[in-house]
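Here are a few short exercises to work through with the structure open beside you. Try each task before reading its solution.

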Amino acid sequence: MSLNKNNIRAVYPGSFDPITNGHICIAQRAAKIFDEVIVAVLINAQKNPSFSVEERQKMAEEALADFHNVRVCAFSGLLVNFIRSLDSRIIIRGLRAMSDFEYEFQMALMNRQLAPDIETFFIVTEPQYSYLSSSAVKDIFKFNGDISGMVPECVINRILLEGNVK
Ligand code: ADP
């Protein structure tokens, strides 16, 4: 993927299983700061995702279609290697509560150890999304709760199409 030499490309990695309004908020805010944001959907067999990588990528693409400088792709392997392959040096992560902090802190330090030239930037969520997670959305749906306002329309349609989620 080519980019003007002076432009800054940032990578927002995650499982996005599925993408929520909280994720969208982070991607949108990052897109106001960086020239290009790549939402990178992790192909992770260990995490046993509810949706296939193709489905997760498709939902993210649809949800972010209005943001001209946001693109979606899938990746596997070491994040820092993927970031380098994109000519980027920036990782974006979202922070909800203190409970996110320990894990995110460990990941950021680990990535820093592996690649000191790559920086992790944290964006603090909006208060209304601070309780929101992909797994909460799936649990609420399983028990027939209302998930509108938590995920974009395309995710609701996909979940309804599947009928049930793992
Ligand atoms: P991972 O499996 O890598 O944690 P997720 O898809 O759960 O992937 O999350 C990707 C990133 O988005 C993480 O940095 C996570 O903290 C952040 N995130 C998840 N939900 C929200 C939310 N509601 N508001 C802001 N950031 C969020």
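## Exercise 1: an arginine in a strand

The backbone oxygen of L86 and a polar side-chain atom of R9 lie 2.6 Å apart. Keep in mind that you are looking at a predicted model.

**Task.** Locate R9 among the secondary-structure elements, and decide whether R9 is buried or exposed.

**Solution.**
1. Start with the element: R9 belongs to strand β1.
2. Next take the accessibility, which is 2% in relative terms for R9.
3. Buried means under 20% relative accessible area, so R9 counts as buried.
4. Finally, return to the partner: the side chain of R9 has a polar atom 2.6 Å from the backbone oxygen of L86.

## Exercise 2: the ligand and its surroundings

**Task.** Find where the ligand sits, which residues come nearest, and which polar atoms lie by its oxygen and nitrogen atoms.

**Solution.**
1. Look for the pocket: the ligand occupies the largest one.
2. Now the shell. There are 17 residues around the ligand, and Y12, S15, K47, G94 and T125 come nearest.
3. Sort the shell by character, and you get six nonpolar, six polar and five charged residues.
4. Trace the shell back to its elements: β1 (9–14), α1 (21–33), β4 (90–95) and α4 (98–114) each supply at least two residues.
5. Check the oxygen atoms of the ligand. A polar backbone atom of F16 is 2.9 Å from a ligand oxygen, and an N or O atom in the side chain of R93 is 3.1 Å from a ligand oxygen.
6. Turn to nitrogen: a ligand nitrogen atom lies 2.9 Å from a backbone N or O atom of L132.
7. Close with the area. The ligand taken alone exposes 550 Å², of which the protein buries 91%.

## Exercise 3: two acidic residues

**Task.** For E62 and D117, give the location and say whether each is buried, partly exposed or exposed.

**Solution.**
1. Begin with E62, which is placed in helix α2 (residues 53–63).
2. The relative accessible area of E62 is 41%, so E62 is partly exposed.
3. Look for a side-chain partner: E62 makes a polar contact of 2.9 Å with the side chain of K58.
4. Move on to D117, in the loop between α4 and β5 (119–124).
5. With a relative accessible area of 32%, D117 is partly exposed.
6. Compare sequence with space: D117 and I90 are 27 residues apart in sequence, and their C-alpha atoms are 9.0 Å apart. E62 and F51 are 11 residues apart in sequence, with 15 Å from C-alpha to C-alpha.

How values were computed. Residues are numbered from 1 along each chain as its sequence is written. This is a predicted model: local features need pLDDT of at least 70, side-chain atom pairs count only at pLDDT 80 or more; totals for chains, interfaces and linings use all residues. Side-chain values use heavy atoms; hydrogens and water are left out. A residue is near a molecule or strand if one of its heavy atoms lies within 4 Å of it. A polar contact is a pair of N or O atoms within 3.5 Å; within protein, one must be able to donate a hydrogen and the other to accept it, and residues adjacent in sequence count only if both atoms are side-chain atoms. Accessible areas come from the Shrake-Rupley method with a 1.4 Å probe; for residues, only the protein chains shown count as cover. On a 1 Å grid over the protein atoms alone, a cavity is a set of points where a 1.4 Å probe fits but cannot get out, and a pocket is an open set with protein on both sides within 12 Å along at least five of seven lines; lining residues have an atom within 4 Å of a point. A molecule sits in a cavity or pocket if more than half of its atoms lie within 2 Å of its grid points. Helices (H or I, at least four residues) and strands (E, at least two) are DSSP runs, numbered from the N terminus. Ala, Val, Leu, Ile, Met, Phe, Trp, Tyr, Cys and Pro count as nonpolar, Asp, Glu, Lys and Arg as charged, and the others, Gly among them, as polar. Buried means under 20% relative accessible area, exposed over 50%, partly exposed in between (1.4 Å probe, protein chains only).
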